[in-house]
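User: I am new to reading protein structures, and I would like some help. Could we go through one together, feature by feature?

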Amino acid sequence: MKKIYEGKAKVLYQLEDPETILMVFTNQATALNGKRKEDIAGKAILNTQISTLIFEWLESVGIATQLIKKIDDDRQVVKRLEMIPLEVVVRNRVAGSFAKRFGLEEGGVLSKPTVEFFLKDDELDDPFVNVSQLTSLNKITEEECQTISDLALKINDKLIQLFDEAGLILVDIKFEFGKDSSGNIILGDEISPDNCRLWDKVTEEKLDKDRFRRHLGSLTDAYEEVSKRLDAVIAHQK
């Protein structure tokens, strides 16, 4: 298989079918946009499991995703997408860089979810961009920006409900989108505690990658708890 991409937490290989890709999760955890790195045993398996659960659930409620199937503990077969070079962040509460940017304490509930765009470019530290900048740079059209924003808010709304049933608060979440062979914009990459903030509803304990960023305890213990809760909720829904 030909390696076509290697990121911070995943490696992609082209499969024989040109429309499909093998996505291999890794144990690497990163912070400070990749400046701090560490291998954490078991992380790849947990992220594969959690992302598969969430993507399959989203498909069941009408959201198209890149996922085709999970084939073993740390590998998925996914649709080949032309990825849009954006990180799309939806925030429901104040946390992380949003708190620092506006001088706010973490945890405050926003009056409505807010959508932010960041240009996906490690060398530039993924800069914040607005729609006018994106369209001026010919990265994306205004119509595509609106489609992505609407889709991100729709997925966020559904996930708030799923995580709430699992006793979790969805503080914020990062999405990535791409175009399939028909030009449809669909959800890609992964959804796991690597790219969303999840707090326990009762204790507000952080059960996401902030445990690694802020040295708050075992990452895998937190991810195992998230996986266990999601699995129980989704199994009960069936």
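Analyst: Here is a short tour of helices, their packing, the core and a few loop residues. Please keep in mind that this is a predicted model.

User: Let's start with a single helix. How many residues does helix 1 have, and how far does it reach?

Analyst: Helix 1 covers residues 43-60, which makes 18 residues. From its first C-alpha to its last it reaches 26 Å, close to the 26 Å expected at 1.5 Å a residue.

User: What about helix 4 and helix 6? What spans do they have?

Analyst: Helix 4 has 24 residues and reaches 35 Å between its first and last C-alpha, close to the expected 34 Å. The 19 residues of helix 6 should span 27 Å at 1.5 Å a residue, and the end C-alpha atoms are 27 Å apart, so the two values agree.

User: What comes right after helix 1 and helix 4?

Analyst: A glycine with a positive phi follows each of these two helices. After helix 1 comes G62, with phi near 95°. After helix 4 comes G167, with phi near 75°.

User: Now burial. Is helix 1 mostly covered or mostly uncovered?

Analyst: Helix 1 is mostly covered, as 13 of its 18 residues are buried.

User: And which residues of helix 4 and helix 6 are buried?

Analyst: In helix 4, the buried residues include E144, C145, I148, L151, I155, N156, L159, L162 and F163. In helix 6, they include L219, Y223, V226, R229, L230, V233 and I234.

User: What covers the buried residues of helix 6?

Analyst: Several elements do, including helix 1, helix 4, strand 12 (168-179), strand 14 (196-200) and helix 5 (210-213).

User: How do I describe two helices that pack against each other?

Analyst: The general idea is that two packed helices are described by the angle between their axes and the distance between the axes. Here, helix 4 (residues 142-165) and helix 6 (residues 219-237) pack at about 105°, and their axes are 8 Å apart. That angle makes helix 4 roughly perpendicular to helix 6.

User: Which residues meet there, and of what kinds are they?

Analyst: From helix 4 come L162, F163 and E165, and from helix 6 come L230, V233, I234 and Q237. The residues of this contact divide into five nonpolar, one polar and one charged.

User: I keep hearing about a core. What should I look for?

Analyst: In soluble globular proteins, nonpolar side chains tend to be buried together. In this model, the largest nonpolar core has 55 residues. Those with the most contacts inside this core are L58, I155, L159, F175, F177, I191 and L230.

User: Which residues does L159 contact, leaving aside its neighbours within four places in sequence?

Analyst: L159 is in contact with I54, W57, L58, L170, I173, F175 and I191.

User: Could we try one more residue of helix 4? Why does L151 count as buried?

Analyst: Buried means under 20% relative accessible area. L151 is at 17% relative accessibility, so L151 counts as buried. This residue is found in helix 4. Leaving aside neighbours within four places in sequence, L151 is in contact with F177 and I185. The C-alpha atoms of L151 and I186 are separated by 8.6 Å, although the two residues are 35 residues apart along the chain.

User: Where else do residues far apart in sequence come into contact?

Analyst: Take G42, in the loop between strand 5 (36-39) and helix 1. G42 and T220 are 178 residues apart in sequence, yet 6.8 Å apart in space, C-alpha to C-alpha. Not counting residues up to four places away in sequence, G42 touches N27 and T220. G42 counts as partly exposed, at 28% relative accessibility.

User: You mentioned positive phi at glycines. Which residues other than glycine have it?

Analyst: D125 is one of them, with phi near 60°, and E204 is another, also with phi near 60°. D125 is in the loop between strand 10 (109-119) and strand 11 (128-129), whereas E204 lies in the loop between strand 14 and helix 5.

User: Are D125 and E204 buried or partly exposed?

Analyst: D125 is partly exposed, with a relative accessible area of 44%. E204 counts as partly exposed too, at 38% relative accessibility.

Key
Residues are numbered from 1 along each chain as its sequence is written. This is a predicted model: local features need pLDDT of at least 70, side-chain atom pairs count only at pLDDT 80 or more; totals for chains, interfaces and linings use all residues. Side-chain values use heavy atoms; hydrogens and water are left out. A nonpolar core is a set of buried Ala, Val, Leu, Ile, Met, Phe, Trp, Tyr and Cys residues joined through side-chain atoms within 4.5 Å. Buried means under 20% relative accessible area, exposed over 50%, partly exposed in between (1.4 Å probe, protein chains only). Contact means heavy atoms within 4.5 Å. Axes are lines fitted to C-alpha atoms, for helices over the stretch in contact, and angles run from 0 to 180 degrees between N-to-C directions. Helices (H or I, at least four residues) and strands (E, at least two) are DSSP runs, numbered from the N terminus. Angles under 35 degrees count as roughly parallel, over 145 as roughly antiparallel, 65 to 115 as roughly perpendicular and the rest as oblique. Ala, Val, Leu, Ile, Met, Phe, Trp, Tyr, Cys and Pro count as nonpolar, Asp, Glu, Lys and Arg as charged, and the others, Gly among them, as polar. The expected span of a helix is 1.5 Å times one less than its number of residues.
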